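Thank you for making time this morning. I would like to walk you through one model, going from the chain as a whole to a pair of helices and then to a few single residues.

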Amino acid sequence: QALAQVLTEAPANCKRVSGCGGVEEVVRLLGDDEARCRSFAADCVTSMAADDSLRASLISARAVEALVGCLQFPDSAVQTGSAEAIAMLACDSAAREQFSGSGGVASLLSLLRSPHDAIRQTAVWTLSVCAQSAEVAQQACQSGGLELVQQLCSTPGRHTVPATTALGKLLDSNPAAKYWITGRLEQSDVISNCEFFDAGPAQSSGPFVPLSELASRPLNMNHPILTIALSAPEGKSPAPPPPPSDDQLDLSQSTVSIPSRSKSRNAPAKGKKGRGDREVESRVETEEPPLPPAPEKPP
C-alpha cells in the first residue's frame, strides 16, 4: 500500500523503484493470495506504465499475463485495478499481443456482465484500447463481445464514450458485422484475406452469426446469404482492371448500335412485329437525315 501511494503521488519514484528490482517484485505480487496486495500491485503497474521504458520492462516481465489472471479474482477492487493497468500497458502492440494470447479477451468480456457499474465501465474502456489490435477485436466479436457492447450502448445510463469507441473498433475489424448492423460501409473500411457476406438486415432478437456457423446450418431458401470471396488463387495476384477506353470516357460521342435480330425460340413470328420493333422503326423513320443545302443560283 505504501509503495502504491508513493508511486502515485510522485511518479519520479518509479525510476528509483525500477532500479531496485521493483518491476519483477510488483509482477510477483500480482499473484498474491490477498486481494489488497493484488489491488495495490495493480495500482503500481498503472503508475509505472506511464513511463515508456518502464512499460517495456513490465511487458517483458509478463505483467500482462499476471493482470489477466487478476481479472477473474473474486474482488471488485482487484478487477477494476487490473483492467486499468491492462489499458495503460495496451498502448504498446506487444502488450496487446500478450493480452490476446493469454486468454485476456474472454476474461475481460466477463467483466462486461458485472452488476457493478464501475467494473463495466472500466472493462469497456480497456476493451476500446485493446481492440486497436485486429486480433483482439476479432476474438471479441467471436466471443459475443459485439452484443455485450451493443447492450451497453443501447441501455439508458450506460452509454458512454468508451462504449461507443469500443463498438466502433469492433465493427471496423468485422466489415460483415458492420454492414449487418449499420447497412453500409465507409470508404475507410478494408476487407482483406477474408470473405464478406450479407446475411440481411440485423434482427433485434438475435446476435450476429459468423459465416462459419451459418455454413453449418441447414439450407434455408427463405433466407439467402450473399458471400464475396476476396482471396486470390495461391501464387497469383488478382489482375488489375483494364483502363477505360476513349469511348467509355467520352459518353457524349458514343453511339448505340441495334443488333440484328436472329431467329430464336422467343423471337416474334415472321410477318409480325413486336412492340419493341415498331418503336425502333418509328424512331428510325422520324429521324431522317438532313437535306443537302440548295445549290446557289448562277449569276
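What follows is a short tour of this structure, which is a predicted model.

Let me begin with the chain as a whole, in which there are 17 helices and two strands. Of the 299 residues in the protein chain, 33% are buried, and the chain exposes about 19,400 Å², with carbon and sulfur atoms supplying 53% of that area. If we take the contacts between residues at least 6 apart in sequence, 61% of them join residues that are at least 24 apart.

Now I would like to turn to one helix pair, namely helix 6, which covers residues 63–71, and helix 8, which covers residues 93–101. Their axes are 9 Å apart, and the two helices pack at an angle of about 45°. Because angles between 35 and 65 degrees fall outside the parallel and perpendicular classes, helix 6 is described as oblique to helix 8. The crossing of helix 6 past helix 8 is right-handed. Which residues make the contact? On the helix 6 side they are Ala 63, Val 64, Glu 65 and Val 68, while helix 8 brings in Ala 95, Gln 98 and Phe 99. Sorted by class, this contact has five nonpolar residues, one polar residue and one charged residue.

Staying with helix 8 for a moment, we also find Ser 100 there. Is Ser 100 buried or exposed? Its relative accessible area is 12%, and Ser 100 is therefore buried, since the cut-off for that word is under 20%. Once its neighbours within four places in sequence are set aside, Ser 100 is in contact with Glu 135, Val 136 and Gln 139.

Thr 80, which lies in helix 7, residues 76–89, can be read in a similar way. With a relative accessible area of 17%, Thr 80 is buried, and, not counting residues up to four places away in sequence, Thr 80 touches Ile 119 and Thr 122.

The last residue I want to show is Arg 62, found in the loop between helix 5, residues 52–60, and helix 6. Most residues other than glycine have a negative phi. Arg 62, however, has a positive phi of about 65° although it is not a glycine. As for its surroundings, Arg 62 counts as partly exposed, at 42% relative accessibility.

That is where I will stop, and I am happy to go back to any of these views.

Notes
Residues numbered from 1 in each chain as written. Predicted model: local features only at pLDDT ≥ 70, side-chain atom pairs only at ≥ 80, totals over all residues. Heavy atoms only, no water. Axes fitted to C-alpha atoms, helices over the stretch in contact; angles between N-to-C directions. Helix = DSSP H or I, 4+ residues; strand = E, 2+ residues; numbered from the N terminus. Parallel < 35°, antiparallel > 145°, perpendicular 65-115°, else oblique. Left-handed = near helix turned anticlockwise from the far one by under 90°. Contact = heavy atoms within 4.5 Å. Nonpolar A, V, L, I, M, F, W, Y, C, P; charged D, E, K, R; others polar. Buried < 20%, exposed > 50% of the residue type's maximum accessible area, 1.4 Å probe, protein only. Areas by Shrake-Rupley, 256 points an atom, 1.4 Å probe, with all protein chains shown as cover.
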